[in-house]
Amino acid sequence: MENTKKVAFYTLGCKLNFSETSTIARDFQNEGFERVDFEEPADIYVINTCSVTENADKQFKQVVKKALQRNQKAFVAAVGCYAQLKPEELAAVDGVDLVLGATEKFKITDYINDLSKNEQGEVHSCEIEDADFYVGSYSIGDRTRAFLKVQDGCDYKCTYCTIPLARGISRSDALENVLKNAKEISAQNIKEIVLTGVNIGDYGKGEFGNKKHEHTFLELVQALDNVEGIERLRISSIEPNLLKNETIAFVAQSKTFVPHFHIPLQSGSNDILKKMKRRYLRELYVDRVNQIREVMPHACIGVDVIVGFPGETDAHFLETYHFLHELDISYLHVFTYSERDNTEAISMEGVVPMNVRSKRSKMLRGLSVKKRRAFYESQIGTTRTVLFEGENKEGYIYGFTENYVKIKTPWNPELVNTLHQVTLTHIDEDGSVRVGFIN
């Protein structure tokens, strides 16, 4: 059929966006569209936007430009978080035909019947209060792992964050639906599922569109542990105040959940945590790390941290630096604070100059390199299981152990998407770890 319309996708931002892009792509395919790579000419380009980083705006314009270079008559649609927060701005970008906010993005195929270019981008963005229904999704980006969305939105009011404005209130997928999606994924010979959401520890809230919890995050984890055919389950990122001892204890003895936690900290200073309206103090964070270490000494613990928040003095920053230096964690994700409209923090005093923000960011990134190196060194000589990925990178294949150590070994196509027991032998000059095979 010559006249099959082609659609291509580009995703900015988080794992949750990737899982939602996949779901939207499946909708297009069900409507008879052919999905092609973003590098190829297509009739429609769908760009899933992000609002978390300052560069998201610039990136969006570059992506639109790329799309129109491939086909200047293409229909360009913007969906996602930035499309919800700043729809008019995106609609004003040259070449953008359609902007869909939080509730409309899953109905995109309804809007696309007329593919002629619009003079001016059409905006359909809802009042964010309307984003109260839940659309389940999962993505299968590569054959190795899938991102499974279990929750959306957030009821927290952190003073730097626009996510509640972009994604609405906290709501969850029904447990039976999550399990159904997990079974569909495992039937496709995918070995690892990563659980994603905006605030996944809040899982269960709003499962029925109301505020009561039908299930808890612990019950979700216990139910998923029993799904046949999944080799590995990974919890992507969970708030420290929602990561309970019972969950940590369950993961420690679970069949499929791996010993890897990613726990946002944001600051090691209680003064700053309070200004951010985070729901814990640093003492609780230390307690979570110690709890994990007690039952899973070999676990990988990743940390999110923001530098340059308004009012962060040198003393506050050093407090964060020393706190993380002392803490038994494995790596950092460092974010430089950026001003967002309609947040409380934007009007706070004590704005930190950009050059200071980037210097602090550099210091913490340096600390992260040391932390990861020390964590990898602590794993040398141990026996782990590696899940190998699909790419031949300059003659090597890479993979991750259950506790998230990056492994490399000479390319062998038979290793793709397989699990192997290995002994970690030494750290390679590129920072990944070399191994000896046991089986």
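## Helix α12 and its surroundings

Contact here means that heavy atoms lie within 4.5 Å. In this predicted model, the buried residues of helix α12 pack against six elements: β13 (260–266), α10 (270–276), α11 (282–295), β14 (300–307), β15 (331–336) and α13 (354–379).

Helix α12 comprises the 13 residues 314–326. At 1.5 Å a residue, a helix of this length should span 18 Å, and the computed separation of its end C-alpha atoms, 18 Å, agrees with that expectation. The residues H316, F317, T320, Y321, F323 and L324 of α12 are buried. They cover an arc of only 165° around the axis, so they lie on the same side of α12. The other side of the helix carries D314, A315 and E326, which are exposed.

## Helix α1 and the salt bridge of E20

Helix α1 covers residues 15–30 and includes S22. With a relative accessible area of 10%, S22 counts as buried, because the cut-off for that class is under 20%. Leaving aside residues up to four places away in sequence, S22 touches Y138, S139 and I140.

Within the structure as a whole, a search finds 28 salt bridges. One of them joins the side chains of K105 and E20, with an N to O distance of 3.1 Å. K105 belongs to the loop between β5 (98–100) and α5 (108–111), whereas E20 sits in helix α1, so the pair ties together parts that are 85 residues apart in sequence. Both ends of this salt bridge fall under the 20% cut-off and are therefore buried: K105 has a relative accessible area of 3%, and E20 has a relative accessibility of 0%. The pair also forms part of a network of salt bridges that links E20, K105, K149, D152, R167 and R171.

## A salt bridge between D341 and K86

A further salt bridge brings together the side chains of D341 and K86, again with N to O at 3.1 Å. This pair links distant parts of the chain, 255 residues apart: D341 is in the loop between β15 and α13, and K86 is in the loop between α3 (81–85) and α4 (87–91).

Are the two residues of this pair buried or partly exposed? D341 is partly exposed, at 41% relative accessibility. K86 is likewise partly exposed, with a relative accessible area of 22%.

## The hairpin of β19 and β20

Strands β19 (residues 419–427) and β20 (residues 433–437) pair in the antiparallel sense, and five bridges connect them. Within this pairing, L424 has V435 of β20 as its bridge partner. The hairpin has five residues between the strands, and G431 there adopts a positive phi near 95°.

The loop between β19 and β20 also contains D428. The side chain of D428 meets that of K408 in a salt bridge, at 3.0 Å from N to O. Because K408 lies in strand β18 (residues 406–410) and D428 in the hairpin loop, the pair ties together parts that are 20 residues apart in sequence. K408 and D428 are both buried.

Terms used. Residues numbered from 1 in each chain as written. Predicted model: local features only at pLDDT ≥ 70, side-chain atom pairs only at ≥ 80, totals over all residues. Heavy atoms only, no water. Helix = DSSP H or I, 4+ residues; strand = E, 2+ residues; numbered from the N terminus. Buried < 20%, exposed > 50% of the residue type's maximum accessible area, 1.4 Å probe, protein only. Expected span 1.5 Å × (residues − 1). Arc of directions from axis to C-beta. Pairing = 2+ DSSP bridges. Salt bridge = Lys/Arg side-chain N within 4 Å of Asp/Glu carboxyl O.
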